[in-house]
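Me: I should like to learn how to read a few features of a structural model. Please take them one at a time.

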Number of protein chains: 2
Amino acid sequence: MFASDVYAAAERIRPFVHRTPVMTSQRLDEMAGARLFFKCENFQVGGAFKARGAFNAVLSLQEEAAARGVATHSSGNHGAALALAARTRGIPAWVVVPRDASGFKRRAIERYGARVVECEPGLSNREQSLAALVAECGATVVHPYDDDRVIAGQGTVACELLDQVSGLDMLLSPVGGGGLLSGCALVARDRRPDMRVVAGEPAGADDCWQSMQSGRRVRLEQVDTVADGLRASIGARNWALISTLVDEVVRVEEAEIVAAMRLVWEVLKIVIEPSSAVPLAALLSGRMAARGARVGVVVSGGNVDLDTLPGLLSTAGAGFRL
Amino acid sequence: MFASDVYAAAERIRPFVHRTPVMTSQRLDEMAGARLFFKCENFQVGGAFKARGAFNAVLSLQEEAAARGVATHSSGNHGAALALAARTRGIPAWVVVPRDASGFKRRAIERYGARVVECEPGLSNREQSLAALVAECGATVVHPYDDDRVIAGQGTVACELLDQVSGLDMLLSPVGGGGLLSGCALVARDRRPDMRVVAGEPAGADDCWQSMQSGRRVRLEQVDTVADGLRASIGARNWALISTLVDEVVRVEEAEIVAAMRLVWEVLKIVIEPSSAVPLAALLSGRMAARGARVGVVVSGGNVDLDTLPGLLSTAGAGFRL
């Protein structure tokens, strides 16, 4: 893959996605000791950056394949984004959803018109259900992150951010499966070779950090984090890019994630999901060097289930002072 | 007062306040059966429209009076806004805060450098403490809403909104003390005489609605609403303008306010305070005629105490379907 794939994706998806705003806050700058530029993908179509990759994948399909539809397994934002992209192109979409997925995200998938196929929880069950499904209907599988078209789409976040903010020293993104991080890293390295590319990751799902330490891709069987968008282990294509393009992965604790999320809600007045707070949590943790830097911070999405929020908010008590 | 006072205020405060964005949502439009344009004062300096009136009042002062400082009583956003405006001009500010005010809003007042003077709860105690204070220090009192300079400042919300969105049929604002509503009504009537000006008000603090019904200003001793920014009764100057310029006041129930607030958080991905949800609650209640109209909706602020949020969110159950 090349940065040019991302630039082509940017042209392809432009009519269908938002050029999301960049927000700043003097108060957060003072807390972080750096100049922060928040790229607000919570305002993206569907409430998360996932629309970029999904639209790029769906729009890249040849007519004949497109007519048979697309399919994926997802308990989260990718399923909704793929449903939306398929509906926009007028083709069918199937989304395999584990029985224990949140009703909130499942409703979003259904609202965008996808057919939901329920399966038992666990990655292997999800993959088996998806395989059985596509064997029957002939739909094209669009993986949530381990897919070149998806990676190229997610990378358009960095294209826009680098157009919107000059002189960035660092790009800071969350990492789950690695679609967003690998796509953005491609762009950052191409356009600004001297820019640092750093990822924040929950300590309870630190496969990317472990992979960087050991030099080979680690997959975790058990993860535990409130950041529901970052529970996946990084994909093979993503690791190939991340291992060569990313400078550093910083781990953060659960209480730091919740505190950073609350802080963004309170100061920026925007609703972000826990996964999106991970980069700011990394900045405020003191475990990464960013003092005085101009940092582009990717706010990945804003899909929070407000019904489960009360319990979430009550777990506060981070290591850093608010 | 004239609309020209508002236009002068707009020039005066321009360097110090944000031109806040206008947001739209297809999903909310469909729910309301109207085209909604949300003027997002939650992104204003200090997190609420109150900065506009406070800056206009502070910047209007002659040098000698300014040097003696400003003072007010406030349990909410006005106190913080006045503190910020005073700090910006480099003059002292005193804010009388009732002992039972939320620590959250009190901390905002202190953060902006005002001297907090505690008093017993209740309007008369607040007024007495303020009178004693200014007798001593000679500061100029800036009332939260019953003040021409404040009304002119708040009206600049409508100036911007009418510049940002063409062809509005209706302006819809919350009403508490009436500063925002009366200032905006002045502008709407001047620039678009045929535009409807409507206010949403909590049924539990419906002094403005009662005043419109009886044709004379009603003040309430007891109010009960989650919309903490709308508990005040309308001021004399505000009523003089509202009674002649405003078409309609629509009352909403508590559960409708909470549900509308949640809806904005979930769909627009912005943090708004309960008071700011009152206009949308009115639109969705079915108790006002707006079908097919282009409606400018003033989102007044985003200062929510997240510590008290869990209890707040759990009171859901509105009359309209989400």
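**A buried lysine, a sheet and a contact**

Reply: Lys269(A) counts as buried because 25 C-beta neighbours lie inside 10 Å. The cut-offs are 20 or more other C-beta atoms within 10 Å for buried, 12 or fewer for exposed, and partly exposed in between, with C-beta atoms placed from the backbone. The model is predicted: local features need pLDDT of at least 70 and side-chain atom pairs pLDDT 80 or more, while totals for chains, interfaces and linings use all residues. Residues are numbered from 1 along each chain as its sequence is written, with chains lettered from A and ligands numbered from 1 in the order in which they are written.

Me: Where does Lys269(A) lie, and what is notable about its phi?

Reply: Most residues other than glycine have a negative phi. Lys269(A), although not a glycine, has a positive phi of about 65°. Lys269(A) is in the loop between α12 and α13 (278–284) of chain A; helices are DSSP runs of H or I with at least four residues, strands runs of E with at least two, numbered from the N terminus.

Me: In what order do the four strands of the open sheet in chain A run?

Reply: Strands pair if DSSP finds at least two bridges between them. The order is β5-β4-β3-β6, with parallel pairing. The edge strands are β5 (115–119) and β6 (140–141).

Me: How many residues does each chain give to the contact?

Reply: Residues are in contact if their C-beta atoms, placed from the backbone, lie within 7 Å. Chain A gives 15 residues and chain B 15.

Key:
Contact = placed C-beta atoms within 7 Å.
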